[in-house]
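Please take me through this structure in the viewer, one selection at a time, and tell me at each stop what there is to see.

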Amino acid sequence: MSLIDLSGVQKWYGEYHALRGIDLQIAAGEFFSLLGPSGCGKTTLLRTIAGFEGIDAGTLRIDGLDMRGVTPDRRPTNMVFQSYAIFPHLTVAQNVAYGLRRTADGREEKARRVGEALEMVGLGGYGGRRPHELSGGQRQRVALARALVLRPKVLLLDEPLSALDRKMRETMQSELRRLQRQVGITFILVTHDQEEALIMSDRVAVMFEGAIAQVASPQALYSRPADRRVADFLGAMNFLPAEVRDGRVEIAGLGACEVEPEQVIGAGGMAEAGMRPEAMTMLDVQPGEGLREAAGTIADRAYYGDMTYYMVELPGVPGHVTVSMKNRPGSAVLDVGAPARIGWDPRAVLLFPA
Amino acid sequence: MSRRWLLLYVVLYMALLYAPIALLPIFAFNDGQVIAFPLQGFSTRWFEGLWTNRTLHSALWNSLVVAVISSVLAVVLGICAARASARYAFRGQGAVMGMIMVPLVLPEIIVGVSVLIVVNTVLGLPLGLWAVIAAHVLICTPFAVAVLSGAFQSLDPAMEEAARDLGETPWGAFRTVTLPLVAPGIVASLLICFTISLDEFIIAFFLTGASPTLPVYIWGLLRFPADLPIVMALGTLLVLASIVLLTMAEIFRRRGAARAGRKDSGGFL
Amino acid sequence: MGHGETSKGWALIAPPALYALALLALPLGAVVVLSFFTQDFLTLDTTPTLENYRIVLTDPGFAGQLPRTLLVRSVTIAGLVTVCTVLLAYPVAYYVSFHVAPERKSLWLFLITIPFWTSYLVRVFLWKVILNFDGVVNRTLLNLGWIDEPIRAFLYSPAAVVITLTHAFAPFAILPIFVALEKIDRPLLEASRDLGEGTLRTFARVTLPLSMPGVVAAVLIVFIPTIGDYVTPRLVGGPDGLMIANLIQSQFGRLSNAPMGATLAVIAMASVGLISLLFVLATRRWTR
C-alpha cells in the first residue's frame, strides 16, 4: 500500500483552478520530486499534503488515513520551507527542540534527540548559535534537523536549494540524498530545476498548469517523455515536422526511416519527430557507425567548455536543429557557415502527435 | 561645496527645530515671574510648587489613566489591523485600511467636534474621561498600525506555518513565534500611543467635561500670567518624559528590527 | 485568494474597522445631520433647513462676514504654512536620504521627530515667548542695534501663526519626502550622470520628479490638519490671526450653537477636501 495516496484532488483559488484532479501514489521510503515551471501547482500540491491548503474535491490519504480536516500540527508530515523559516529569536538547539515541546519525552531525552538531529545534519556543537550567525547552507541544515527530529513519516521540501549558490547546492543535493537513505523517510521535493529532480529522485512527477503530465523514474522521463511539453521541459529536444506513412516516417530535413512502436507517442498521421541534441553527431568531428546522414549548414556555435553546441540549418526546415558534441582532446572545431554532415540514429527518434 | 552648504542648512534647521524646547528649562529655573529676558537668577521654586498642587495632581492622574487605557486599546486594535493587512489579502482591504488610517490626517478639531456631538446631542450622555479615551483610541490607532505594520510585514509568513507544522496549535504558534518577534514593535507602539494621548489637547478640550486632563489644565494656566513659570517647569518635565518614552520606543523598535533580521533605515512612520 | 483568507482577514480587521466606523464615520454623519438643524439658546429645532449655510455663506450681517473672512484666511495661512514647511523640509529629507550613512538614518529621523512629539501646547506657547514684545527675537535685534525699540508686530499676527505652525509641522513634512527619496533607485541617478547630466540637472530631471509622490503626501499631511488648529491662532495670532477652527470651537463652547458649529465644520471640511482633491488631481502626472 502506498504511503501517500491522492485521488481526484482539486483546488481552486477563487476563479483560479490551481489543482485540476491530481491522482498520485507515493510509496514509503521513496525520494519523490514534484517538478514543473513556476505556477504549475507543485508548491500548492506540497502545501496540500502538509495541510496548509484545504482541498475542494478528491481525497488525500497519508498512511491510509483520510486527511480531511486534519490540521498541519496533527499530520505525520514535516516541512522544510523555501525561506527555511528558522525562528530568529531562538538558538539553533531551541529551534530543533521546538517541535518536541508537546511530546512526552523528558528533558534529557529531548536534549539527546536534539543533539542527535544536529549531529545527523553535520551541525554538532552548533546548538548554542543564533540563527543570524549561520550561513545559508547551515540554516538549511537547521531546518532539516528541526523537521527530522520529529521522525515524520514524510518530509516535505519546498525548493530548499533555490537560495543557495551553485557549489553549495551541489553539496546539499548529495547530502539530502544521503540523509534520505540514512533515515529511510519518504522525501517529497518541490523543484523547478530539472537537473536537481533527475539527480536526486527515485521518481519524478512533472506538472503543468495544475495537472500531472507524467510520473516516472528519471531515466524513463528523459528517454520516453509522455508528451511534447515534458520532452521540452526536461533537457533540450529538436522538433522536426514528420509524416508517418505505411510504417515509415519521413522526417523533414533528415530523411526517411522506420521506427519501432515504442518510439511512437500518440497517434499516427502528421507528427513531429523529436531528437535530443546528444542523439545526433557532427560526422566531421566524431564519425559514427550505422548512422543515417543528413546535410546542412552550421548557422551558429556555442562553446560550453565540456561541450560544443552546433546550430545547424537543414534544407527545407525553418529554424535550426541543435547538435551537442563532447569536447575531447584534439577534437575538431567546425566553423560557422561551413557545410555540416549530421549523423543520426533512427532508434533515438521519438514521434509526437502534431 | 554644495554639500557643505546643505549640511550647514540642515544644522541650522535642526537648531531652530530644537530652539523653542531649549528655552523651557531656561525659564523653568528662572527666578522671575515674567517669562522674558533678562533672567532673574536660578531658582527651583516653580518645580517645588508642582509637588503641592492638588489640582495638577488630579489632572496628571486623569491624563495617565486616559493615556494608559487609550494606548492599550489602540495597540490591540492596531495589532488586529496590522496583522490583517500583512497576513491576508482580501477584497476591500485597501478601503478598510484607509478608513482606519484616516484620523492620521483628519483635523483634530473635526474628531473632537464630531465625537462631542454624538456624546452630547445624539446619546445625551455627560462628557468625561471615557469620551476622551474613546477619541484618543481613534487617533492613536493609525500610529499603532504604522509602527506595527513594519513589525508584521517583515515577519515571514512561513514562520507561523513552520510552528504549526512542528505541532503547535494556531494560538500556540502565535504565542511562541509571532508574539516574541513583534513584541518590540508592540512596546514601541504602546509608548508612542501613550505619548500622543498624554500630550493631546485639542480633542480633550472638547470632551473632558468636569475632570480636566493635564494639557487642558495647562491651557487653563496659560490665561494667568502668574502661573506661566509653573507651565515652564511642568513643560520641562513633560518634554523630558516624552523624550525618555520615545527613546525607549525607538530602542524597542530597533531591537525588533534586529531580531527579525531586517535592515533598519526607517523611522516611526 | 481563497475563501478562508477573505473571511479570516475580515474577522481580524473587523474590530479596528468597526471602531473607526463607530467613532469616525457615524460621528461625521452626525455632524452633517446636525448642520441642517437650528438651535435657539438651549432648544434644538430638528426641522431640516439650509438656514445655517445661508447665514454663513451669504448673510452679510452675521458677525460681520466673519466666517468667510476666517475661512479664506485659514486656507491662506494653511497654504503658506504648507509651502514653507515643504520647501524648508525638502533639503533636510534630501540630506538624510543621500548624505547620511544608512546605519545612522534612523537616528537622524528620531532626532527630527522628537520635537514633534513633545507637548504641543507648550511648544506653541514657547513661540509666544520667542516672538513677544520683550522676547528672544526682539531682545536679540535690540542688542545687535538693528532696531531701536521692540517690534510688536511679531506676536499676534498671521505671520506669527505661520511661523509657529511651520515649526510644529516640520517633521511631518520631512518623513514622507524622505520615504519617497529612499525609494529612488540609486543606479538610476548614476545612469543619469552617466548619460551626461550634471548634478543639478540630474536632480531636476530625475530626483525631483521621482520624489513628487512624497512631496504631495507631505503637502496633504500638513495642509489638512493645519486648518483644524485653534490653539496656535488663539495663543499667537491675535484678532487678525484667528482661524475658522476658533470660530467652530466658540460655537460649541461659549456661544453654545452646536448646529452652527457643525455647519462651519462641514464647510471647513468641504473646502479642505475640495482643495486637496484639486491638488491631487493637478499633480497626478507626477505621482503616477
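Begin by selecting helix 3 (residues 54-87) of chain B together with helix 8 (residues 170-199) of chain B, whose axes, in this predicted model, come within 8 Å and cross at roughly 140°. That angle makes helix 3 of chain B oblique to helix 8 of chain B, and the crossing by which helix 3 of chain B passes helix 8 of chain B is right-handed.

With both helices still selected, display the side chains along their contact. Helix 3 of chain B contributes B:Ser63, B:Leu64, B:Val66, B:Ala67, B:Val68, B:Ser70, B:Ser71, B:Val72, B:Ala74, B:Val75, B:Ile79 and B:Arg83, and these meet B:Phe174, B:Thr178, B:Ile186, B:Ser189, B:Leu190, B:Cys193, B:Phe194, B:Ser197 and B:Leu198 in helix 8 of chain B. Coloured by class, the contact of helix 3 of chain B with helix 8 of chain B shows 14 nonpolar residues, six polar residues and one charged residue.

Now widen the selection to the whole of chain B, whose secondary structure comes to 11 helices and zero strands. The C-alpha trace of chain B spans about 70 × 65 × 35 Å along its principal axes. Within chain B, select residues 60-249, where UniProt, in an unreviewed entry, places the feature "domain: ABC transmembrane type-1". This span is 80% helix and 0% strand, and its end C-alpha atoms lie 22 Å apart.

Move next to chain C and select helix 5 (residues 120-131) and helix 7 (residues 158-183), which pack at an angle of about 135° with their axes 10 Å apart. Helix 5 of chain C and helix 7 of chain C are therefore oblique to each other, and helix 5 of chain C passes helix 7 of chain C in a crossing that is right-handed. On the side of helix 5 of chain C, the contact is made by C:Tyr120, C:Arg123, C:Val124, C:Trp127 and C:Leu131, while helix 7 of chain C supplies C:Ala160, C:Ile163, C:Thr164, C:Leu165, C:His167 and C:Ala168. By class, the contact of helix 5 of chain C with helix 7 of chain C has eight nonpolar residues, two polar residues and one charged residue.

Staying in chain C, replace the selection with helix 8 (residues 186-194) and helix 9 (residues 199-227), whose axes come within 10 Å and cross at roughly 145°. The crossing of helix 8 of chain C and helix 9 of chain C is right-handed. Here C:Leu188, C:Leu189, C:Ser192 and C:Arg193 in helix 8 of chain C meet C:Thr199, C:Thr202, C:Val206, C:Thr207 and C:Leu210 in helix 9 of chain C. The residues of the contact of helix 8 of chain C with helix 9 of chain C divide into four nonpolar, four polar and one charged.

For the last stop, turn to chain A and colour it by its domain assignment, which gives domain 1 (4-228) and domain 2 (236-353). The contact between them takes seven residues from domain 1 of chain A and nine residues from domain 2 of chain A, and the centres of the two domains, taken over C-alpha atoms, are separated by 39 Å. Finally, select residues 4-234 of chain A, which are covered by the UniProt annotation "domain: ABC transporter", again from an unreviewed entry. Over residues 4-234 of chain A the chain is 34% helix and 26% strand, with the end C-alpha atoms 25 Å apart.

Key:
Residues are numbered from 1 along each chain as its sequence is written. Chains are lettered from A and ligands numbered from 1 in the order in which they are written. Side-chain values use heavy atoms; hydrogens and water are left out. UniProt positions are given in the numbering used here, feature names are shortened, and annotations may be inferred rather than shown by experiment. Helices (H or I, at least four residues) and strands (E, at least two) are DSSP runs, numbered from the N terminus. Axes are lines fitted to C-alpha atoms, for helices over the stretch in contact, and angles run from 0 to 180 degrees between N-to-C directions. Angles under 35 degrees count as roughly parallel, over 145 as roughly antiparallel, 65 to 115 as roughly perpendicular and the rest as oblique. A crossing is left-handed if the near helix is turned anticlockwise from the far one by less than a right angle, and right-handed if clockwise. Contact means heavy atoms within 4.5 Å. Ala, Val, Leu, Ile, Met, Phe, Trp, Tyr, Cys and Pro count as nonpolar, Asp, Glu, Lys and Arg as charged, and the others, Gly among them, as polar. Domain bounds come from an automatic or database domain assignment.
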